[in-house]
Amino acid sequence: MTRRDVFEYALLRVVPRVERGECFNAGVLVYCRAHSFVAARTHLDEAKLLALDPGADVVGVRAALRAVEGVCGGGESAGQAAGDDAGRRFRWLIAPRSTVVQPGAVHSGLTTDPADEVERLLDLLVR
């Protein structure tokens with residue numbers, strides 16, 4: 001029997017105008033403690049963004065999404081989180097914030113390969 005490990009995930013939502021509360025999914029964060037794994041994959045639907053806010057800063061939103069991916073990757077691209085382990089980086093990224101890119105609720109599941117889960121969830125919940 002193949003070993004399945006617990007993983008956690010959260011969606012990354014884009015909220016172009018925080019005061020209106022309208023949002024759409026633009027990425028997914030996945031963390032698996034058993035594998036010391038954390039990763040994010042993003043996909044920005046510019047048409048949705050501009051439909052909700054014609055004056056949205058598309059370049060800025062893309063940069064914010066790339067920053068999340070960078071923190072997950074660790075190393076120099078993680079900035080101040082570079083020395084943190086995968087779990088601390090995930091917890092920092094899922095902390096509530098009132099910005100254009102916001103994490104959603106944390107959910108859990110079982111997986112044999114957390115890297116596959118990132119792609120599966122991106123296809124299922126974002127694209």
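Student: Where does histidine 43 lie in this predicted model?

Tutor: Let's place it by the elements on either side. Strand 3 sits on one side of histidine 43 and helix 1 (46–52) on the other. That puts histidine 43 in the loop between strand 3 and helix 1.

Student: Is histidine 43 buried, partly exposed or exposed?

Tutor: Its relative accessible area comes out at 33%. Buried needs a value under 20% and exposed one over 50%, with partly exposed in between. So histidine 43, at 33%, is partly exposed.

Student: Which residues is histidine 43 in contact with, leaving aside neighbours within four places in sequence?

Tutor: Look beyond the loop for these. With the neighbours within four places set aside, the contacts of histidine 43 are Asn25, Ala26, Leu122, Val126 and Arg127.

Student: And what separates the C-alpha atoms of histidine 43 and leucine 65?

Tutor: Along the chain, histidine 43 and leucine 65 are 22 residues apart. In space, their C-alpha atoms are separated by 8.6 Å.

Student: OK, on to the largest nonpolar core. Which helix or strand gives the most to it?

Tutor: This core has 25 residues, and Val14, Leu29, Leu44, Leu49, Val61 and Leu65 touch the most other members. At least two residues each come from strand 1 (5–14), strand 2 (24–32), strand 3 (37–42), helix 2 (58–73) and helix 3 (86–94). With six residues, the one giving the most is helix 2.

Student: What does valine 61 touch, not counting residues up to four places away in sequence?

Tutor: Valine 61 is one of the core members that touch the most others. Not counting residues up to four places away, valine 61 touches Val14, Leu44, Leu49, Val100 and Val101.

Student: Is glutamate 117 buried or exposed?

Tutor: Glutamate 117 lies in helix 4 (residues 114–125), and its relative accessible area is 10%. The cut-off for buried is under 20%. Therefore glutamate 117 counts as buried.

Student: Which side chain does a polar contact join to that of glutamate 117?

Tutor: Don't look among Phe7, Leu110 and Thr111, which glutamate 117 touches when residues up to four places away are not counted. The polar contact is 2.9 Å, and the partner side chain belongs to arginine 120.

Student: Last one: how many residues does helix 2 give to the lining of the largest pocket?

Tutor: The largest pocket holds about 160 Å³ of space, and its lining has nine nonpolar, two polar and one charged residues. Helix 2, helix 3 and strand 4 (101–111) each supply at least two of them. Helix 2 gives the most, and its share is four residues.

Conventions. Residues numbered from 1 in each chain as written. Predicted model: local features only at pLDDT ≥ 70, side-chain atom pairs only at ≥ 80, totals over all residues. Heavy atoms only, no water. Core = buried A, V, L, I, M, F, W, Y, C linked by side-chain atoms within 4.5 Å. Buried < 20%, exposed > 50% of the residue type's maximum accessible area, 1.4 Å probe, protein only. Contact = heavy atoms within 4.5 Å. Polar contact = N/O pair within 3.5 Å; in protein donor to acceptor, adjacent residues only side chain to side chain. 1 Å grid on protein atoms, 1.4 Å probe; cavity = no way out; pocket = protein on both sides within 12 Å on 5 of 7 lines; lining within 4 Å. Points joined across faces, edges and corners; volume = space filled by probe spheres on them. Nonpolar A, V, L, I, M, F, W, Y, C, P; charged D, E, K, R; others polar.
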